[in-house]
Amino acid sequence: MDARDDQGKEGLVFNIQKYSVHDGPGIRTIVFLKGCALSCRWCSNPESQKYRPELAYNAGRCLGLDKCVRCLEVCVRGGLTRSDDGMPSIDRTHCEDCHMPCASACPAQGIIVYGQKRTVDDVLNVVEQDAAFYTRSSGGLTLSGGEPLFQGDFALALLREARLRCIKTAIETCGMAPEDIVRQAAPLLNYALFDIKHADSSVHEAHTGVPNARILANFRILAEEFPDLPILARTPVVPGFNDTEEAIAAIAAFLAPYAHVRYELLAYHRLGTQKYHFLNRTPPMGEATLANGRISRLQSVALGILRERVQMP
Ligand code: SF4
Ligand code: SF4
């Protein structure tokens with residue numbers, strides 16, 4: 001593959017976040033790619049799920065139509081009207097295939113677009129700005145999403161270009177991707193954060209929209225065919241889905257044969273709630289919360305199972 005072929009490749013990116021210390025070793029820049037095959041009810045990045053640009057309206061930033069009519073002036077498709085309270089009202093049925101001039105016209109970021117087309121070169125130029133921090137901290141680039149491998153060709157091109165620029169790479173994946181993409185990505189990675197949400201496929205499908213067979217198979221590919229790749233398996237613990245000892249024990253049992261894989265539980269949070277409202281969607285989880293002390297109890301369950309593997313012959 002000629003490096004010049006990669007640099008011009010385009011993908012849909014909805015955020016680039018610098019100075020992260022949570023998504024892989026050291027100081028990292030996280031590149032969030034649009035699109036995911038799963039539709040998890042607890043998703044904290046709802047703007048990541050659809051593989052297309054999406055219009056978001058934040059009434060808290062909007063100046064109101066008594067002070068500003070810029071969005072109304074540029075909307076020629078009838079997507080914007082004045083509501084009774086003097087604020088813009090958006091009918092998103094008019095917005096498909098629109099190039100969304102209302103967002104660029106808005107002076108206050110009251111209307112924004114989640115998802116911009118960007119080239120590999122453009123993205124890596126931003127990532128490379130912090131190369132000195134990566135060197136000192138063993139950090140680098142983390143691809144996230146959405147599911148970064150949903151845009152497989154683009155994700156692979158980003159990883160190859162990062163390698164060319166001597167930037168270490170990590171991925172945050174839900175594991176739902178074609179196996180050939182997983183096999184191509186693995187040698188380009190220095191670290192993988194791999195979510196395993198439920199060991200029971202029918203429960204997994206009921207809450208995420210897809211069965212788990214492909215995900216578990218991809219995990220085995222990474223763990224067995226690429227044993228030098230450090231993997232952190234993670235389970236977001238979600239009320240009403242997998243916050244039971246049985247569910248976590250089943251995942252820990254799946255992971256037990258892989259002594260080099262670390263495991264971490266992530267507590268469900270509601271930080272993405274506001275973004276559902278910006279997108280005019282109802283947060284599917286409502287007011288659900290995790291029971292007090294649940295995470296520490298489940299951590300003990302997982303630890304009890306994974307500790308034993310050290311003693312396995
Ligand atoms: S995206 Fe297009 S149609 Fe929708 S409100 Fe903005 S300008 Fe109007
Ligand atoms: S352009 Fe922005 S600030 Fe002005 S009315 Fe529209 S959304 Fe509000």
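This report covers the domains, ligand shells, salt bridges and backbone features of a predicted model.

## Domain layout

The domain assignment splits the protein in two. Domain 1 takes residues 3-50 + 119-310. Domain 2 takes residues 54-114. Domain 1 is therefore written as two segments, with domain 2 numbered between them. The C-alpha centres of the two domains lie 33 Å apart. Nine residues of domain 1 and seven residues of domain 2 make the contact.

## The interface between the domains

Interface size is often expressed as the accessible area lost when the parts come together. Here domain 1 and domain 2 bury about 760 Å² between them. Carbon and sulfur atoms account for 55% of that area. On the domain 1 side, Lys-34, Phe-278 and Leu-279 supply 63% of the area buried against domain 2. No other three residues supply more.

The polar part can be itemised. One salt bridge is counted between the domains. The side chains of Lys-34 and Glu-54 form a salt bridge, at 2.6 Å from N to O. Lys-34 is in the range of domain 1 and Glu-54 in that of domain 2. Lys-34 thus appears twice: in the salt bridge with Glu-54 and among the three residues that supply 63% of the domain 1 area. Three residue pairs are in polar contact across the domains, with both residues at pLDDT 80 or more. By class, the side of domain 1 that touches domain 2 has four nonpolar, one polar and four charged residues.

## The two ligand shells

Ligand 1 is surrounded by Leu-55, Cys-75, Arg-77, Leu-80, His-94, Cys-95, Cys-98, Met-100, Pro-101 and Cys-102. Eight of these residues class as nonpolar, one as polar and one as charged. The cysteines in this shell are Cys-75, Cys-95, Cys-98 and Cys-102.

Ligand 2 has Cys-62, Leu-63, Leu-65, Cys-68, Arg-70, Cys-71, Pro-88, Cys-106, Pro-107 and Ile-111 around it. Its shell holds nine nonpolar residues, no polar residue and one charged residue. The cysteines here are Cys-62, Cys-68, Cys-71 and Cys-106. Cysteine counts as nonpolar in this scheme.

## Salt bridges

The whole structure holds 17 salt bridges. One pair is Arg-160 and Asp-6, whose side chains meet at 2.8 Å, N to O. Arg-160 lies in helix H6 (residues 152-164) and Asp-6 in helix H1 (residues 3-7), so the pair ties together parts that are 154 residues apart in sequence.

## Backbone features around H6

Two backbone features deserve a check in the viewer. The peptide bond from Gly-145 to Gly-146 is cis, with omega near 15°. Gly-146 sits in the loop between strand S8 (140-144) and H6.

Cys-166 has a positive phi, near 60°, and is not a glycine. Cys-166 lies in the loop between H6 and strand S9 (168-173).

How values were computed:
Residues are numbered from 1 along each chain as its sequence is written. Chains are lettered from A and ligands numbered from 1 in the order in which they are written. This is a predicted model: local features need pLDDT of at least 70, side-chain atom pairs count only at pLDDT 80 or more; totals for chains, interfaces and linings use all residues. Side-chain values use heavy atoms; hydrogens and water are left out. A residue is near a molecule or strand if one of its heavy atoms lies within 4 Å of it. Contact means heavy atoms within 4.5 Å. Buried area is the accessible area (1.4 Å probe) that two parts lose on being put together, summed over both. A salt bridge is a side-chain nitrogen of Lys or Arg within 4 Å of a carboxyl oxygen of Asp or Glu. A polar contact is a pair of N or O atoms within 3.5 Å; within protein, one must be able to donate a hydrogen and the other to accept it, and residues adjacent in sequence count only if both atoms are side-chain atoms. Helices (H or I, at least four residues) and strands (E, at least two) are DSSP runs, numbered from the N terminus.
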